[in-house]
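Please walk through this structure with me, beginning with the pairing of its strands and then turning to the charged side chains that join separate parts of the chain.

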Amino acid sequence: MTIQDIADAAQVAKSTVSKVINDSPKVSDQTKSRIWGIIREMNYTPSSLATQLAKQTSRNIGLLIDLSREHEFLDHFFFNIIGGIESALVERKYELTISNIQQPDRPEQHFMKRLVLNRRVDGLIANNSVLTEPLCEELLAHRFPFISIGEVQSPVSWVDFDNEAGGHMLAAHLLERGYRRLAFFAGERDEKLFVRRFGGFARALAEAGLPAPDEAALRGLADTDSGYALGLRMLDLPAGERPDAVVCMSNYAAFGLLKAARERGVDVPGGLGIAAFDDYPMSPYTTPPLTCLKIDTFTLGVSAGELLLEQLRDPDMPLQKRMLEPQLIVRESTRSETAAGGQAVGSSAADF
């Protein structure tokens, strides 16, 4: 069964059937209804590939991942981002194709040839850890639409959470609760995420007339084991040098710190206030539950998908740099009646 067979049965031109299949406004609703009835009666399925070629579109969006970074694509946040992207694309009848950027044994299958030059996808979305500067330059040279999840220095449109604002929000919250000797806990100094979050943290202290701690003092992986080890080291400092509150790079690091505090007999939040980035997976369920900054990665995916669709509709649109606002969730880990320095730390009904 071909499109010509449908045209013969409907006694119209082949081009008219094609317009009906593509929902062209140039064909009347009455004619569309009649031709669709014949299509159903003859059990004809339009060739999506032929339709896509005629439109010069694949109706596919590529999501680039690096399988060598196993910890990233196995992370819960990664699947939230995929769900957000998919929810944005499905309304415009696009499919999402996930492609590994690393294929060293098959250079002929490099994604640039497979996806971009062969136009297997109409646009790309990738994390800023994947989009290196040379790769951005190559995609820009091909004038190929793409979006970065996470801030990049290249002239590329991107969407990200405002991590600097997040660091500021957590530090400001602890200061409002009366804590005064704040530390930033865990994270790698050369990591972009750490630089942004620590920068906002330090700005909040400066605004309060307080010195920022040495950013190198409590550095390490933002995981449970490092959080525990760093926590023991911090809690063993002399009383006058020990922080009375910390902002943790992740709730995993905060979980390790809570374990160290229990072993050293330090009360949280009375003797130590703890606030952390990320609500999932531990923040609501620790003892005590953690005050945290919620980073809604599903919304991040939606924003990335929508931004790429805007770029496809208008290839000449100006560069977009979209910052999303994180959400502060206040819980018991920062609700003390007195901070370690002896100052009252108030709570209002709105906090609960």
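**From strand 5 to the salt bridges**

In this predicted model, Val-159 stands opposite Arg-322 in strand 10. That contact belongs to the pairing of strand 5 with strand 10 (residues 321-324), which runs in the parallel sense over 4 bridges. Strand 5 also pairs in the parallel sense with strand 4 (residues 146-149), here over 2 bridges, and within this pairing Trp-158 of strand 5 is the bridge partner of Ser-148.

The side chains of strand 5 (residues 158-161) can be followed one by one: Trp-158 and Asp-160 point one way, Val-159 and Phe-161 point the other way, and all of them are buried. In a regular strand the side chains alternate between the two faces of the sheet.

Arg-322, met above as the residue opposite Val-159, also takes part in a salt bridge, its side chain meeting that of Glu-310 with an N to O distance of 2.7 Å. This pair links distant parts of the chain, since Arg-322 lies in strand 10 and Glu-310 in helix 13 (residues 297-313), 12 residues apart. Arg-322 has a relative accessible area of 25% and is therefore partly exposed, and Glu-310, at 24%, is likewise partly exposed.

A search of the whole structure finds 7 salt bridges. One of these joins Asp-236 to Arg-264, with the closest N and O atoms 2.7 Å apart. Because Asp-236 lies in the loop between helix 11 (224-235) and strand 7 (245-248), while Arg-264 lies in the loop between helix 12 (251-263) and strand 8 (273-277), the pair ties together parts that are 28 residues apart in sequence. Asp-236 counts as partly exposed at 49% relative accessibility, and Arg-264 is partly exposed as well, with a relative accessible area of 38%.

A further salt bridge is formed by Asp-279 and Arg-331, whose closest N and O atoms are 2.9 Å apart. Asp-279 sits in the loop between strand 8 and strand 9 (291-294) and Arg-331 in the segment after strand 11 (327-329), so this pair ties together parts that are 52 residues apart in sequence. Are these two partners buried or exposed? With buried meaning under 20% relative accessible area, Asp-279 counts as buried at 16% relative accessibility, and Arg-331 counts as buried at 14%.

Finally, salt bridges can also be joined into a network, as they are for Glu-164, Arg-203 and Glu-207.

Key. Residues numbered from 1 in each chain as written. Predicted model: local features only at pLDDT ≥ 70, side-chain atom pairs only at ≥ 80, totals over all residues. Heavy atoms only, no water. Buried < 20%, exposed > 50% of the residue type's maximum accessible area, 1.4 Å probe, protein only. Pairing = 2+ DSSP bridges. Salt bridge = Lys/Arg side-chain N within 4 Å of Asp/Glu carboxyl O.
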